[in-house]
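Here is a walk through a protein structure, one feature at a time. Have a look at the picture, then follow along.

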Amino acid sequence: MKHARWTALTLVLSSTLGLAQLASAQSSLDLWHLQTTEAGKAVIQKAVDRFQTANPGVKVNVSPTPNDTYKTKLKIAFGANAAPCVFASWGGGPLYEYVKSSQVVNLSPFLQKDQAFYTRFQPASWSAVTFDKQIYGIPGENTGIAVVIYNKALFAKYKLTPPRTWPELLKVVATLKGNNVAAFSLANKAKWPGSMYYGYLVDRLGGPDTFRNAVLRKGGGSFADPVFVKAGTLLQDLVRAGAFVQGYNGLDYDSGVSRQLLYSGKAAMELMGTWELATISSENPTFAKDMGFFAFPTVPGGKGNAGNVLGTVGDNFYSVAKSCKTPELAFKLLKAITDTQAEQDRLADRRLPPVKGLKVTDPLLSQVSAFVAKAPSVQLWYDQDLAPQLGELHKDTSQALLGLSITPQAAADQMEALAKKLAAGK
Amino acid sequence: MSLTAKPVAAAPSQARRARRPRQDWIAVAFLAPAVLILAVFLIYPLIANFRLSFVDWNGLGNTARNVGWNNWLELSRDAVFVRALGNNALLAVLSILIQLPLGLLLAVALGRASRGSAFLRIVYVVPLLMSSVAIGTVFRNLYDPNFGAINVGLRALHLDALAQDWLGDPRFALLSVIAVICWQSIPFYMLLFMAGLSSMPAELSEAATLDGASPRVVFWRITLPFLQGTIRSAAVLSLIGALRYFDLVYVMTGGGPTNASELMATYMYRTVFSGFNIGYGAAISSAMFLIVVVVAGLALRLTRRYQTEV
C-alpha cells in the first residue's frame with residue numbers, strides 16, 4: 001500500500017516535471033501595442049497567429065492598451081526592467097530617451113541583411129525612428145498626417161471654398177461666425193490637438209528647417225526665432241477672430257466630442273490626423289458622405305510649401321527591447337505583424353500602411369496617399385518629436401497661447417530657455 | 001507613543017513583572033508583520049524617493065546623474081509648483097468649509113429617526129460608492145459647454161449669461177472640479193458624523209429637551225460639543241486629503257487649462273510620466289510629503305490645544 005502511494009507520487013511528480021521542461025523549451029514573446037479598435041486588434045492577432053503557426057513552440061502574449069495608459073505602462077515596465085520584447089511607439093523624442101539609455105535593439109543590422117523587407121517601406125517612414133543614422137523601429141500601422149477635415153454641405157450652404165491662404169481662412173471664419181457656426185472644432189484638454197495649429201503655422205511661416213534647427217541646436221536655430229513668435233501671434237489672431245468652438249481648452253478628444261460638434265453642424269472644420277477620416281466613416285456614415293479635407297493654408301510671405309505635412313508616415317512603429325532574450329525571433333515577429341497580409345488587412349480597415357505600391361481603391365485614402373507622396377517634407381508631431389520635457393512645455397505653451405493666457409514672445413522664450421538648459425545638461 | 005512610554009500608575013505585582021518579557025515577545029510577534037509591511041511599502045519607498053530627488057534621471061537604465069540640491073532649488077522657483085500648491089490650499093480650505101458643515105447637517109437631519117431617512121441615507125451614500133473615474137467622466141459630460149446638461153438647462157431657462165465654459169475657462173476650471181469633489185466626499189463625512197452621533201447617549205438630548213431646550217440649542221450646546229473629537233478628525237482627514245488630491249482633477253481637466261487646476265499630485269504625475277523627469281518628480285512628491293506632514297502636525301496640535309481649553 002505504502003509502496004503504491006510512493007509510485008503514484010513519483011509518477012505525478014515526474015509528469016509535472018516533464019510538463020515544466022516542455023514549457024521551458026517553448027519560448028514566449030511579449031508584444032505590446034495600442035490598437036484598441038476591434039478591427040485594429042484583429043489585424044495584429046491574425047498576424048500573430050500566422051507567426052505562431054510558422055514558428056511552433058513560440059508563444060506570443062499580446063496586450064493591447066489604450067493610448068494614454070499605454071505611455072505610462074510602457075515607461076513603468078522599462079523602469080522596472082520588465083520590458084516587453086516587442087513594443088509600439090510613435091518614434092521621435094520619447095523613443096530616443098529609451099534608445100539613449102540603451103534599452104532598444106538597433107535594427108539596422110537586421111534590415112541590412114533583409115533588403116527586400118527594408119525597401120518595401122516608403123523612405124519617409126523611417127525618419128521618426130532613425131537616431132544617429134541607426135534604425136530602431138519598423139513602421140507599420142498607418143499614415144497619420146494632419147489635414148483640415150471639413151463639412152462640404154456647410155461650405156456649400158454658405159458658398160465657401162476651402163481656403164488656401166491665411167487671409168482666405170480668416171474670411172471663411174468670419175462668414176461662418178456670422179452664421180453662428182464655429183469655424184474649427186477643437187478638443188484641447190490633452191493639448192496635442194491644439195499643438196497641430198502651432199506646428200503648421202511655424203512650417204508655413206519659416207519652412208521645415210526652422211523647427212528642425214531649433215531642435216538640433218544647429219545653424220543658429222532657436223525657439224526664440226521670430227518665426228515661433230509670429231506663429232503664436234497668428235494663432236492668437238485666429239482665437240480672437242472667434243474661430244474655435246466654445247470650451248475648446250477643456251474638451252476631451254478621446255470622448256469624441258470634437259466630432260460631435262462637426263456632426264451637429266456647430267463647427268465646420270477640424271484640424272486632425274487622417275485616422276479621423278476612418279473613425280468618422282465608421283462612426284457616422286451619413287456625415288462621412290459630406291466630408292472632405294484640404295491642406296493647412298499658406299501664409300503670405302511665408303517660406304513653407306503648401307504641401308509640407310505635419311504627422312507621421314508609419315504611426316505606430318514597432319521596436320525590440322534590449323532585454324529581449326531572443327532578438328532574432330522578435331525581428332521575425334516584427335516582420336510578421338507588418339507582412340503583406342497584415343498590410344492588406346489594415347488597408348481593409350481604412351488605414352494606410354507606409355509601404356510602396358499599395359493598391360488603394362478607397363477615394364479618401366487614395367487622396368491621403370497622393371498627398372503624402374507629393375509632400376516635400378513630413379514633420380513628426382511636435383510633442384512626439386521633442387525630448388519629453390520640452391514636449392510637455394510645448395503642449396503647455398500652445399494650450400496657453402490658445403487660451404490667450406500667455407504672450408507669443410513669452411511662449412517662445414520659455415521654450416528656448418528649457419531647450420538651452422537641456423542642451424547644456426547633455 | 002512607544003510601547004513602554006506610559007508609566008504604570010500602580011506598582012506592578014511580582015507576578016506581572018515576571019510575565020512581562022513574554023508579553024513583550026508576543027507584542028513584537030504581533031507587530032512584526034505590520035512593521036515589516038510598513039517598512040517595505042512605506043518607509044523604504046519614502047527614503048528611496050528622497051534619494052531620487054537628488055538625481056537627474058529619465059527613469060531608464062543606469063543613466064541617473066547626481067545633481068545635489070538642484071531639483072529642490074528649481075522647485076522653489078517653479079511658478080507651476082507654487083500655483084499647484086496654492087490650488088491645493090484653496091481645495092483644502094473649501095473642502096473643510098463645504099464638506100464638513102454639509103456632512104454634519106445631513107448626519108443630524110438623517111439621524112433624526114424617521115422612516116424615509118433610511119432610504120435617503122442610501123441615496124446620499126451613492127457618490128461614495130462610485131469610482132472617481134466614472135464620476136469624472138459623468139461630470140465632464142454634464143459640464144460640456146455645448147452639449148452638457150448644465151448649460152443646456154441654463155439656456156432652456158433663458159439664463160444664457162450663466163452658461164459658462166466650466167472646464168475650459170481658467171477662471172472656473174478648478175472651482176468646477178472642487179464642486180464635484182465636494183459632492184463626492186460629503187457622504188463620507190456624513191457617515192463619520194453619523195457614527196459619532198450614534199455613540200451619543202440619547203439621555204443627554206432628551207434631558208435637555210425636557211428642560212425646554214429647542215432643537216437649535218440642543219445642536220449647539222450638546223450635539224456639537226459632543227462631536228468635537230469627530231469634527232477634529234474629519235477636519236484633519238479633509239486637510240490631508242486635499243493636499244494630496246489627484247484623481248478627479250486628473251480625469252476632468254488634467255490640471256489644465258494652462259495649469260489653472262494643477263495640483264501638486266497632477267504636476268508630479270505629468271513630470272514623471274510624460275516628461276520622463278524622475279528626479280524632479282521625486283522632488284515634487286517629497287516636498288508634498290513634507291508639506292502634508294507639517295500641516296497635519298500643526299493641525300493636530302492646534303485642535304488639541306483648542307480641545308483642552310474648552
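Four salt bridges cross the interface of chain B and chain A by the rule used here. One to look up in this predicted model joins D252(A) and R140(B), where the closest N and O atoms sit 3.1 Å apart. Pairings like this rest on a simple idea: side chains of opposite charge can pair when their charged atoms come close.

Now widen the view to the rest of that interface. Chain B brings 36 residues to the contact and chain A brings 33 residues. Together the two chains bury about 2,700 Å² between them, and 53% of that lies on carbon and sulfur atoms. Three residues are worth picking out here: L60(B), F147(B) and F276(B) supply 22% of the area that chain B buries against chain A, more than any other three residues.

Back to D252(A), since there is another partner to meet. The side chain of D252(A) also forms a salt bridge with K189(A), at 3.8 Å from N to O. This pair ties together distant parts of the chain, with the two positions 63 residues apart in numbering. K189(A) is in the loop between strand 8 (182–184) and helix 9 (192–206) of chain A, while D252(A) is in the loop between helix 11 (226–240) and helix 12 (257–263) of chain A. Are these two residues buried or exposed? Both K189(A) and D252(A) are buried.

Salt bridges turn up elsewhere too, and a search of the whole structure finds 26 over all chains. In chain A, R120(A), E141(A), E343(A), R346(A), D349(A) and R351(A) are linked in a network of them. Zoom in on one pair from that network: E343(A) and R346(A) form a salt bridge whose closest N and O atoms are 3.4 Å apart. Unlike a link between loops, this one stays within a helix, as both residues lie in helix 16 (residues 340–348) of chain A, three residues apart, about one turn of the helix. E343(A) counts as buried because its relative accessibility is 1%, under the 20% cut-off. R346(A), at 0% relative accessibility, counts as buried as well.

Chain B has a pair to compare. The side chains of R270(B) and E262(B) meet in a salt bridge, with 3.0 Å from N to O. R270(B) has a relative accessible area of 10%, so it is buried. E262(B) is buried too, with a relative accessible area of 0%.

Next, turn to the surface of chain B. L38(B), L42(B), I43(B), L46(B), I47(B), F289(B), L290(B) and V293(B) make a nonpolar surface patch of about 660 Å². Helix 1 (14–52) and helix 12 (278–309) of chain B are the elements that give two or more residues to this patch. The largest share, five residues, comes from helix 1 of chain B. One residue to find there is I43(B), which lies in helix 1. I43(B) is called partly exposed because its relative accessible area is 44%, which falls between the 20% and 50% cut-offs.

Finally, how far can you trust the picture? The model scores ipTM 0.81 and pTM 0.85. Chain B averages a pLDDT of 87, with 90% of the residues scoring at least 70. Over residues 1–12 of chain B, though, the pLDDT is below 50, and this stretch has four contacts in the model beyond near neighbours in sequence. Where pLDDT is low, the predicted coordinates should not be read in detail.

Key:
Residues are numbered from 1 along each chain as its sequence is written. Chains are lettered from A and ligands numbered from 1 in the order in which they are written. This is a predicted model: local features need pLDDT of at least 70, side-chain atom pairs count only at pLDDT 80 or more; totals for chains, interfaces and linings use all residues. Side-chain values use heavy atoms; hydrogens and water are left out. pLDDT is the predictor's confidence in each residue, from 0 to 100. Contact means heavy atoms within 4.5 Å. Patches are made of residues with over 30% relative accessible area and no salt bridge: like charges are joined within 9 Å, nonpolar side chains (Val, Leu, Ile, Met, Phe, Trp, Tyr) within 5 Å. Accessible areas come from the Shrake-Rupley method with a 1.4 Å probe; for residues, only the protein chains shown count as cover. Helices (H or I, at least four residues) and strands (E, at least two) are DSSP runs, numbered from the N terminus. Buried means under 20% relative accessible area, exposed over 50%, partly exposed in between (1.4 Å probe, protein chains only). Buried area is the accessible area (1.4 Å probe) that two parts lose on being put together, summed over both.
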